[in-house]
Amino acid sequence: MGEFKVHRVRFFDYMPSGIRCMAFNQRTERLALARLDGTVEIFNFSDRYFQEKVIPGNDARSVEAICWVANRLFTTGLNGEITEYDLENLCPKYSVDAFGGPIWTVACNALGTHLAVGCEDGSVKLFEVLPEKIRFEKNLDRQKGRILSLSWHPSGTRIVAGSLDVINIFDVQSGHMMQRMLVDRGTVNSRTRECVVWSVFFLSDFTIISGDSSGKVQIWDSHTGTLNKAHLVSKWDVLALSLSQDESSLLAGTSEGTVVQFQFLSPTLGASEKEWVRTRTFKHHTHDVRAVAEIGTAVVSGGVDTQLVVRPLLDKVDVKSYDTGLRKIQFPHRPLVSCAAKAGLLLFQFPVQLELWRLGEGEGPGRPGHSLIVTRKPEKLLQLKRKGEDHICCSAISPCGSWVVYSTVSSIRLHRLQYDGSNISIAKVPRLPKVLRSAHQLCFSADSSRLFVASSRSTVHVIALSQSECKYLHTFKSSSGSTEPMHLLAASADGRWLAAANRACEVHVYNVRSRKPHCIVPLYGSCPTAMAIHPSTNNLLMVHADQLIFEYSIEEKQYTDWSRRVQKEGLHRLWLERDTPVTGVTFNPSNASQFLLHDTYMFCIVDQRLPLPDQKAQLYNQLTLKSLSEQDRKSYSHAFKFCKKYQPLLCVSVLEDQSVVVVERPLLDIATQLPAPVRQKKFAT
């Protein structure tokens with residue numbers, strides 16, 4: 001495996017934002033969620049729950065509700081606007097003011113022809129969904145108090161709206177209120193407080209289900225306006241509801257961090273009548289569960305504790321497989337750390353700023369597993385705040401450490417750094433080429449003389465950097481005609497090749513010197529999550545969301561012998577069943593046959609000279625192997641060597657002096673920065 005001096009970095013104070021709302025698209029198997037900072041994320045549940053797209057937030061845009069209409073995505077927020085997103089360019093497409101104050105909720109009818117929004121002024125407004133925009137159609141009868149939840153009847157003829165202390169039913173055609181149902185405020189202690197109806201659902205049999213701040217899930221008859229049954233599920237609020245597609249299962253998310261499942265069952269064996277029965281309670285969160293979704297075979301939930309939890313329903317899964325494991329997604333599936341390997345610098349990306357740090361130094365005997373004496377502590381050199389209100393979507397630092405670039409959805413900014421001993425000066429490059437409007441990904445060449453910018457419509461711009469100017473050279477366009485954004489870039493060490501991967505699972509290779517497309521790697525159905533070009537062989541190494549590894553010879557335009565052997569023999573079952581994607585690939589400069597892969601919970605050194613692990617072999621990590629005898633250790637010798645000492649990992653990189661940098665973000669540090677959860681009675685307290 002080899003020995004490395006490791007820089008263990010724990011001063012990246014990354015803090016993910018809490019989850020505010022989510023919506024699942026059954027047709028495309030995409031989950032869209034919005035966070036408290038306005039960021040919108042899209043996960044592809046058919047491709048190992050990979051975080052496919054991220055639309056950065058904006059200081060002036062909050063998101064309170066989110067909704068799919070076919071393949072189009074809409075959100076509403078406290079700015080009073082309905083926003084549709086451009087899912088190719090990953091930015092807001094347009095916004096329409098509803099003129100009703102803050103918009104708390106949005107819902108689409110079953111046909112996808114109309115949107116209904118609930119406003120602060122008590123109005124429910126209908127908008128017609130047109131091919132390129134939405135158009136205001138009419139207001140329903142205005143009520144007293146803000147509208148906090150909405151649901152269409154599947155027929156599209158009625159709408160139910162939840163407000164303060166009341167649930168109203170509207171006729172869509174006339175716009176008039178048909179029924180008004182008062183909600184009980186709950187216990188004696190809460191009688192003086194208004195009961196907030198946080199979520200409602202309108203079933204096809206005209207039953208209405210509501211969740212409110214009294215901690216109840218209530219079943220209503222919309223014809224008579226009467227309460228059929230009330231289930232007390234929490235001492236605090238029921239914040240979110242989700243109904244299965246066949247209306248047989250209901251989920252309720254609470255302020256106590258629990259998710260309660262109800263099922264439409266017969267209470268006694270053999271009975272023909274059915275009712276809503278509480279069947280399961282899941283406890284995977286520490287704080288408010290703000291959003292829930294049932295996707296058929298699993299329960300998806302998220303909230304203030306920032307993690308997206310996918311909890312499979314084992315009674316709906318036929319065989320034990322990858323889909324039966326519990327998943328907690330807390331970190332983004334994209335790099336937030338850039339490393340200047342030659343200069344020993346780290347660039348940390350936050351939503352509103354960048355931080356530049358110089359790594360520390362240590363000396364000592366350097367025995368394996370022991371810590372070195374720190375002779376120079378890590379030093380924060382620079383804090384660069386972004387301009388405007390848009391959040392930073394990507395950033396990069398050149399290998400020499402002299403250039404820093406970042407992009408928002410509206411602009412790109414390039415800065416030149418100069419070092420004079422312990423002093424540092426920064427200068428913004430004033431005139432950038434006009435083609436540089438925004439970027440989905442940024443990458444420097446190995447000699448820091450070129451900047452590669454992945455822009456809209458699968459294009460990559462090549463920019464020449466020098467002391468005196470920043471010059472536009474060329475634009476590579478997708479030869480396949482795809483307009484999906486490029487999310488990965490990899491440049492070769494000799495400056496000849498550039499590889500670019502897009503969300504359509506395509507990997508393009510360009511010849512930078514001749515400025516021509518070279519080839520397209522054979523299309524594979526899973527999205528690439530990490531890739532890099534070998535510094536000596538110029539082989540392209542790719543890892544996909546389904547954990548498969550491919551090695552492609554750029555010069556020969558075919559897969560290498562090692563890659564063909566991997567596909568023929570297959571990777572180990574435990575490797576394929578890992579639940580976090582590989583987000584980083586780098587190479588061992590002292591051993592051309594070794595490369596390093598890392599995900600959130602491990603990094604792995606793969607030696608191409610050794611045999612692949614047998615399916616019956618155990619994938620021990622290095623600490624376990626050290627405890628074995630020399631003879632047993634040889635019997636477990638194979639190509640994959642794991643290290644799980646450092647986690648959760650946000651970056652693993654190799655410096656020019658052949659030392660390794662690992663950037664960790666301990667979960668306990670994140671938990672200490674969360675707001676206090678609701679107080680719960682515990683045993684013996």
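Of the contacts in the chain with a separation of 6 or more, 48% come from residues 24 or more positions apart (contact: heavy atoms within 4.5 Å). We're working on a predicted model, where local features need pLDDT of at least 70 and side-chain atom pairs count only at pLDDT 80 or more, while totals for chains, interfaces and linings use all residues. Residues are numbered from 1 along each chain as its sequence is written, and side-chain values use heavy atoms, leaving out hydrogens and water.

**Exercise 1.** Work out how compact the chain is for its 685 residues.

*Solution.* Start with the elements: there are five helices and 57 strands (DSSP runs, H or I of at least four residues for helices, E of at least two for strands, numbered from the N terminus). Next, the radius of gyration is 27 Å, close to the 26 Å from the globule rule, so the chain is as compact as a globular protein of that length. That radius is taken over C-alpha atoms, and the rule is 2.2 Å times the number of residues to the power 0.38. Finally, 57% of the residues are buried (under 20% relative accessible area, with exposed over 50% and partly exposed in between; 1.4 Å probe, protein chains only).

**Exercise 2.** Find what surrounds Glu247, and say which side chain of opposite charge is nearest.

*Solution.* First, place Glu247: look in the loop between strand E22 (238–243) and strand E23 (249–254). Then check for charge partners. Glu247 is buried yet has no salt bridge, and the nearest side chain of opposite charge, Lys274, is 11 Å away. Here Lys and Arg count as positive, Asp and Glu as negative, and His and the chain ends are left uncounted. A salt bridge needs a side-chain nitrogen of Lys or Arg within 4 Å of a carboxyl oxygen of Asp or Glu. Last, list the neighbours: leaving aside residues up to four places away in sequence, Glu247 touches Pro154, Leu203, Ser204, Phe264 and Trp276.

**Exercise 3.** Trace the salt bridge between Arg358 and Glu379.

*Solution.* Begin with the distance: the closest N and O atoms are 3.2 Å apart. Now the elements: Arg358 sits in strand E32 (residues 353–358) and Glu379 in strand E35 (residues 379–385), so the bridge ties together parts 21 residues apart in sequence. Then compare cover. Arg358 is buried at 16% relative accessibility, whereas Glu379 is partly exposed at 32%. To finish, set the pair in context: the count comes to 23 salt bridges, and a network of them links Arg8, Arg10 and Glu664.
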